[in-house]
Amino acid sequence: MEKYVCDVCDYVYDPAVGDPDTGIAPGTSFEDLPDDWTCPVCGVTKDDFQVQK
Amino acid sequence: MAKQITNKVSWVGKIDWELTKFHGDELSTMHGSSYNAYLIQDEKTALIDTVWQPYDKEFVARLKKTIDLKKIDYIVMNHNEIDHSGALVELMREIPGTPIYCTKKGESIIRGHYHPQDWNFVNVKTGDTLNLGQNTLTFIEAPMLHWPDTMFSYLSGENILFSNDAFGQHFATESLYNDTVKQDDLMWEAQKYYANIINPFSMMVSRKVKELIGMNLTIKMICPSHGIIWKDNPKQIIDKYIDWCNEYKENQITIIYDTMWQSTRKMGEAIADGIQEVDKDVTVKLFNASQIDKNDILTEIFQSKAILVGSPTINNGYSYAIAGILEMARGIKYKGKKAAAFGSYGWNGDAPKMITAHLQEAGFEIVNDGIKKQWVPDVKDLDDCTEYGKEFAKATK
């Protein structure tokens, strides 16, 4: 599963870690995050993320 | 007037002894502030940051007394909020072609603020350097510390880290350095700055501090964009940030309440009695949210391992002052803290339930359903509150 980087703040979503603070379990792919999930650091939506190169 | 820091570096900012509020009314600044700009005069000359917009003309006028503006080869903008970029328009009127070094996001923020037609931007990334002669600036991107555009600039040779808002404090002083001011006042303001501004980005602080330590830089001084320069043992503020970014708490329980006819206040004080009876070591503090400064209260929350939030039920909800504190606490994202609610009521007694829901949403671990009492609490009601305080103390010990 690919990591995704936030365009605004450079936060990296790592599927292996998930986002425990919002109940996203480790092993959740970026695609499977809910549509209303937001960047835990700067608050933008999934549209502002890109695959980490 | 410029203040010489080293042979080659001068402070050329603005000390603002009058400032009492910042970010509109979002942040109180009880010790004033400063907008720090720095001038490096090596074989080449670089200006780092400017000052808040209301002081733009006096900034440029004073800078002219220090240097012929045409001799400024580079402008480095570490962060472009108006308190740092506010004098750019006035400055660029004088030296329009001077290159502005900033991150790509910095350029877009400057463009969004001042809509320049023809300024010369140079976008920099982590690891990019700018040689000034005997000294070299190295840029380190630090996004969300505390805006997307933020970067640090490190001056090798002089070994100075220009950290912009990170490690800053709203603290006015004419004497510049950390060892020349009252330490309690300074550390309170440094912590208040972290607790109110930096805390939402603790995850980024943790990453960036690790990166800085990994770079093995010699840091003789940290020059932030507000407040004092960390000259005596600059590592102390980095160590503090390591503590603060990691679910910081002290052995403190803070009771924040509002009261209409003193009933909720009496409940809070009875709860405090119970807490202290069970736990002699814990620091218990009470603050009336409509009387005490909101940002000081938020700093006390930051220091606490647990909080109790009390409000009378008014119009089937909770009070204006409590709503403000709860909303700020939600945005600031305190972590690893426990909480519960209490309050007096007349008919509908939903305030504690609603506060509890808000505390949960804000990331606090809820200890229990809270406690409410109808009308004016009598002796038995207050004994219940004291018992409640004892249970709360045990649950948070």
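This report covers the contact between chain A and chain B and the largest pocket.

The model is predicted: local features need pLDDT of at least 70, side-chain atom pairs count only at pLDDT 80 or more, and totals for chains, interfaces and linings use all residues. Residues are numbered from 1 along each chain as its sequence is written, chains are lettered from A in the order in which they are written, and side-chain values use heavy atoms, without hydrogens and water.

**Interface**

Chain A and chain B each put 10 residues into the contact (heavy atoms within 4.5 Å). About 830 Å² is buried between them, 56% of it from carbon and sulfur atoms. Buried area is the accessible area (1.4 Å probe) lost on being put together, summed over both parts. A:Val8, A:Asp10 and A:Val41 supply 50% of what chain A buries against chain B, more than any other three residues.

There is 1 salt bridge between the chains (a side-chain nitrogen of Lys or Arg within 4 Å of a carboxyl oxygen of Asp or Glu). A:Asp21 pairs with B:Lys335, with the closest N and O atoms 2.6 Å apart.

**Residue classes**

Ala, Val, Leu, Ile, Met, Phe, Trp, Tyr, Cys and Pro count as nonpolar, Asp, Glu, Lys and Arg as charged, and the others, Gly among them, as polar.

| Set | Nonpolar | Polar | Charged |
|---|---|---|---|
| Side of chain A that touches chain B | 7 residues | no residues | 3 residues |
| Lining of the largest pocket | 21 residues | 14 residues | 11 residues |

**Largest pocket**

A pocket is an open set of points on a 1 Å grid over the protein atoms alone, where a 1.4 Å probe fits, with protein on both sides within 12 Å along at least five of seven lines; lining residues have an atom within 4 Å of a point. The lining holds 46 residues; B:Pro200, B:Arg330, B:Gly331, B:Ile332 and B:Lys333 lie nearest the centre.

Definitions and conventions
Buried area = accessible area lost by both parts, 1.4 Å probe.
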